[in-house]
Amino acid sequence: MEPSSGATVTTVKGYACQRRTPLQHHNTLLTDALLVLAENAEFCENEGRSVAFRRAGSVLKALPQAVRKMEDLQGLPCLGGHSQRVIKEILEDGKSREVEMMLQSKQYQAMKALTSIFGVGVKTAERWFREGLQRHTDVVNSGYKLNHTQQAGVQYYDDLNTPVTKAEADAIGQIVEEAVQAVLPGAEITLTGGFRRDKLTGHDVDFLITHPEEGKEEGLMPKVVSWLEARGLLLYQKTNTNSYLESTDGPARPSHNMDRFERCFSIFRLERPHARPEQHPQATCEEQPQDDDSARERRASQSPGWKAVRVDLVVTPVSQFAFALLGWTGSQLFERDLRRWAGQEKHMSLSSHALYDSKQNRYLRASSEEEIFAHLGLEFIPPAERNA
Ligand code: 8DG
Ligand code: MN
Ligand code: MN
């Protein structure tokens, strides 16, 4: 029975990996505001603060109902004083003055615009802002020397900042599947990242590639890249070779996000689906169907015939596949808390390659995500509920 005050007391666990966080939740007004504060802290290179705001938002995402009054927050973890002040303001006035001012500020807007260029991090954006740049077009006009990645970033800026749809992700998946089968029959690709969490759109498309026979996957990435390049399907690519050696590298390092798989950050050139003739059954060659204005505008604002799409490809030996899958499915906060849980609560060290048990001084094998959760003493959380 609910307390007579009407406060709904909900218990929420302290680590994101102990909670179910669906994509749709009940507190977007609050979480959007906290996200702005988190981004701003990131722009100021204050990672601790940024993570604190993200954690607070993540707790609200896991609540089964909307927060209506401050008492609803009683007993919830990860809600610091600053987050609570902002929540209180929004519950009372419908908005937070601090967040509104931040959204209006030149610095926030410029940092947001400049860091949304592929290849531009906070440090570069911050320097450019101090030198008077505010938008990606300013960067183009500045005559500054850009690296290869940033050149692609400004060249394909509009496409790369248009969300990738699930249909586009599936179309990319077909191309990757064809490429992989052509160069190594029997290899398997798996869609990971946000789309595996059932997100409807993403900023990129993430794939894992493996082969059921250990070792067969070695050297696969350059071949896949060559196949794609030969067909004009890549607008940009940067490939890193695998550098992970369990014997010499030792235990997986916790809190370390970068892994050492063979991987490729790329931009695909994805053909846009042609207008379907069956939608205009009466149209003939002479008689084009009438365009409405919006269709004409849409076409005029797009690059003709194709869209630039960010794609991450990762090749993993099958013995590490479960760890890679868990590590690349996200969300980033879910991953961060998995590693924190492993280290702080279990004296283990988790990466996208392996799980090391410091008490037993040995690696714990796993061939499925379920086994990894079990090793960690956690209830299995399916991908769609890892949207922390
Ligand atoms: P989005 O693209 O839809 O915006 O969201 P997402 O798919 O969740 O984000 P992402 O930036 O594509 O990252 C997907 C997951 O991959 C995320 O949990 C973090 C993880 N990830 C990286 N880089 C690396 C890395 O270098 N190593 C490992 N193990 N994981 C990484 O983004
Ligand atoms: Mn992604
Ligand atoms: Mn990615």
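## Manganese ion (ligand 3)

The manganese ion (ligand 3) takes its protein donors from Asp-204 (OD), Asp-206 (OD) and Asp-312 (OD), at 2.1 to 2.3 Å. Asp-204 and Asp-312 link distant parts of the chain, being 108 residues apart. Asp-204 sits in the loop between β3 (201-202) and β4 (205-210), while Asp-312 belongs to strand β7 (residues 306-315). Along the sequence, the spacing of the donor residues of this ion reads D-x1-D-x105-D. The model is predicted, and the distances here are computed from its atoms.

## Manganese ion (ligand 2) and the ion pair

For the manganese ion (ligand 2), the coordinating residues are Asp-204 (OD) and Asp-206 (OD), at 2.0 to 2.1 Å. The separation between the manganese ion (ligand 2) and the manganese ion (ligand 3) is 3.6 Å. Asp-204 coordinates both ions. Asp-206 is listed as a donor of the manganese ion (ligand 2) and also as a donor of the manganese ion (ligand 3). Asp-312 is named among the donors of the manganese ion (ligand 3).

## Burial of the donor residues

Asp-204 has a relative accessible area of 6% and therefore counts as buried, the cut-off for that class being under 20%. Asp-206 falls in the buried class because its relative accessible area is 8%. Asp-312, in strand β7, is buried too, at 6% relative accessibility.

## An antiparallel sheet

Strands β8, β9 and β10 form an open sheet in the order β8-β9-β10, with antiparallel pairing. Its edge strands are β8 (348-350) and β10 (362-363), each of which pairs on one side only. In general, strands of a sheet pair through backbone hydrogen bonds, in either a parallel or an antiparallel sense.

Between strand β9 (residues 355-357) and β10, the antiparallel pairing runs over two bridges. Tyr-356 has Tyr-363, in β10, as its bridge partner.

## Ala-167 and helix α10

Helix α10 spans residues 166-183 and includes Ala-167. Is Ala-167 buried or exposed? Its relative accessible area is 58%, so Ala-167 is classed as exposed, given that the exposed class begins over 50%.

Arg-85 lies 82 residues from Ala-167 in sequence. In space, the C-alpha to C-alpha distance between Ala-167 and Arg-85 is 41 Å.

How values were computed:
Residues are numbered from 1 along each chain as its sequence is written. Chains are lettered from A and ligands numbered from 1 in the order in which they are written. This is a predicted model: local features need pLDDT of at least 70, side-chain atom pairs count only at pLDDT 80 or more; totals for chains, interfaces and linings use all residues. Side-chain values use heavy atoms; hydrogens and water are left out. Donors are N, O and S atoms within 2.8 Å of the metal (3.2 Å for Na, K and Ca); water is not among the atoms, so sites may look incomplete. Buried means under 20% relative accessible area, exposed over 50%, partly exposed in between (1.4 Å probe, protein chains only). Helices (H or I, at least four residues) and strands (E, at least two) are DSSP runs, numbered from the N terminus. Two strands pair if DSSP finds at least two bridges between them.
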